[in-house]
Structure formats: structure tokens, C-alpha cells
Amino acid sequence: MPNYKEPFKDRMKCNRAEIEFEKYCKSNNVKFYKYGIDNHPFGSDFWKVEKKIRSTPDYIVMANTTCFMEVKGCKNNIKMKDKDIDVYKFWNNLMPLNYCFYSIIKDELKIISHSRLMELIPMCETGNYPDANKHDDKLYYKIIWSMI
């Protein structure tokens, strides 16, 4: 499974979390549409695109309700960047946003709402991703799998 240390292009070659999410949807008769912009042609210039657009949710899902779905994979626990959470608040105001988390170690998929994630965030440990740019804040929240 890809990790944050790999370049974006390499991470997108095999997104196991999205594969598992799509299998889940198909087996539960949930309609989904790949909405995110994973296949952009901008390469290293992608940072020039407005952050809200760069963080477009991965899917639009239509079941009992219609919502955005952000799919994230992990080994044991989820790490959500503070800056990303701020942008996801924007998307949640347009249409409800849910998260699908997939643990490759546990081979388990969990889905929670944005509002539930916001309830969990204050209880999470924090950390910082190392970054060459000292002005780029990479604060993240560590969400323990059992909390979800």
C-alpha cells in the first residue's frame, strides 16, 4: 500500500483503499462516481491549483442519501492533516461528506461522517510530517483505528 513518503504519481498507481471501497459499493448496490482529480496532468505544478480544488473528495455516492466520499488507506491508524480537515469542512458545507477508511493490516473498511470525525479530532494525538519547507505546516491528527 502506498504511503505519504512516495510521490503522488506513484501513490496513485495502486490505491488499494479505493479498490476496496468500490468493491464494497458494488456488493451493496451503492452507486458511486469517481469525482476526485487523481489523473491530473500538472505534475509538480499541481500545488498551483487552489487547495480546495486539490482536495476535492474522491467520490460522489448515492444510496439512501447523496454525499461526497473521501477514501483513505492506512496500515493501523489514520493520519489526517489539519490543513486537509479545514478544506473538507468546505466540501461538507456543499454536500454531506463521509470518509471511508481502509486498513490494509486489518483488511477492514470503516465509514464515518464528517461530523463524527470532527467529534473524534479533539481526542486524537498530533504529530508533524517532516517537510523540507519549514513554512509548510504538516500538522496531522492520529486517529486510532478502534476510535472509528
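Let's start with His114, which has its place in helix H5, residues 114–120. Before I go on, please keep in mind that this is a predicted model.

So, is His114 buried or exposed? His114 counts as buried, because its relative accessibility is 4% and the cut-off for buried is under 20%. Its side chain makes a polar contact with the side chain of Tyr99, at 2.7 Å. Which residues surround His114, once neighbours within four places in sequence are set aside? Those in contact with His114 are Ile85, Tyr88, Lys89, Asn92, Leu97, Asn98 and Tyr99.

Two of those names, Tyr88 and Tyr99, bring me to the aromatic rings. The structure holds 10 aromatic pairs, and I'll show you two of them. In one, Phe32 and Tyr59 meet edge-to-face, with 5.9 Å from centre to centre and 75 degrees between the planes. This pair links distant parts of the chain, since Phe32 belongs to strand E1 and Tyr59 to strand E2, 27 residues apart. Phe32 is partly exposed, at 26% relative accessible area, whereas Tyr59 counts as buried, at 0%.

Now the pair beside our histidine. The ring centres of Tyr88 and Tyr99 are 5.7 Å apart and the planes stand at 75 degrees, so this pair is edge-to-face. Here too distant parts of the chain are linked: Tyr88 sits in helix H4, residues 82–94, and Tyr99 in strand E5, 11 residues apart. Tyr88 counts as buried at 3% relative accessibility, and Tyr99 counts as buried at 0%.

There is also a cluster to look at: ring pairs join Tyr35, Phe68, Phe90 and Trp91. Rings have charged company as well. The charged end of Lys34 sits over the ring of Tyr59, 4.9 Å from the ring centre. Lys52, for its part, lies over the face of Phe90, at 5.2 Å from the ring centre.

Please turn next to Pro57, in the loop between helix H3 (51–54) and E2. Pro57 is buried, with a relative accessible area of 0%. What does Pro57 touch, not counting residues up to four places away in sequence? The list is Tyr35, Gly36, Phe68, Met69, Glu70, Trp91 and Leu97. Tyr35, Phe68 and Trp91 are names you heard a moment ago in the ring cluster. And how far apart are Pro57 and Asn98, C-alpha to C-alpha? In space they are 9.2 Å apart, while in sequence they are 41 residues apart.

My last stop is helix H2, residues 16–27. With 12 residues at 1.5 Å a residue, H2 should span 16 Å, and its end C-alpha atoms are 17 Å apart, which agrees. Which residues of H2 are buried? They are Ala17, Glu18, Glu20, Phe21 and Cys25. Looking down the axis of H2, these buried residues fall within an arc of 160 degrees, so they line one face of the helix. On the other side of H2, Lys26 and Ser27 are exposed.

And what do the buried residues of H2 pack against? Strands E1 (31–34), E2 (59–62), E3 (66–74), E5 (97–103) and E6 (108–113). After H2 comes Asn29, with a positive phi near 50 degrees.

Thanks for listening, and I'm happy to go back to any of these spots on the screen.

Notes: Residues are numbered from 1 along each chain as its sequence is written. This is a predicted model: local features need pLDDT of at least 70, side-chain atom pairs count only at pLDDT 80 or more; totals for chains, interfaces and linings use all residues. Side-chain values use heavy atoms; hydrogens and water are left out. Helices (H or I, at least four residues) and strands (E, at least two) are DSSP runs, numbered from the N terminus. The expected span of a helix is 1.5 Å times one less than its number of residues. Buried means under 20% relative accessible area, exposed over 50%, partly exposed in between (1.4 Å probe, protein chains only). The arc is that of the directions from the helix axis to the C-beta atoms. Contact means heavy atoms within 4.5 Å. Rings of Phe, Tyr and Trp (its six-membered ring) pair if their centres lie within 6.5 Å; planes under 30 degrees apart count as stacked, over 60 as edge-to-face and the rest as tilted. A charge sits over a ring if NZ of Lys or CZ of Arg is within 6 Å of the ring centre and within 35 degrees of the ring normal. A polar contact is a pair of N or O atoms within 3.5 Å; within protein, one must be able to donate a hydrogen and the other to accept it, and residues adjacent in sequence count only if both atoms are side-chain atoms.
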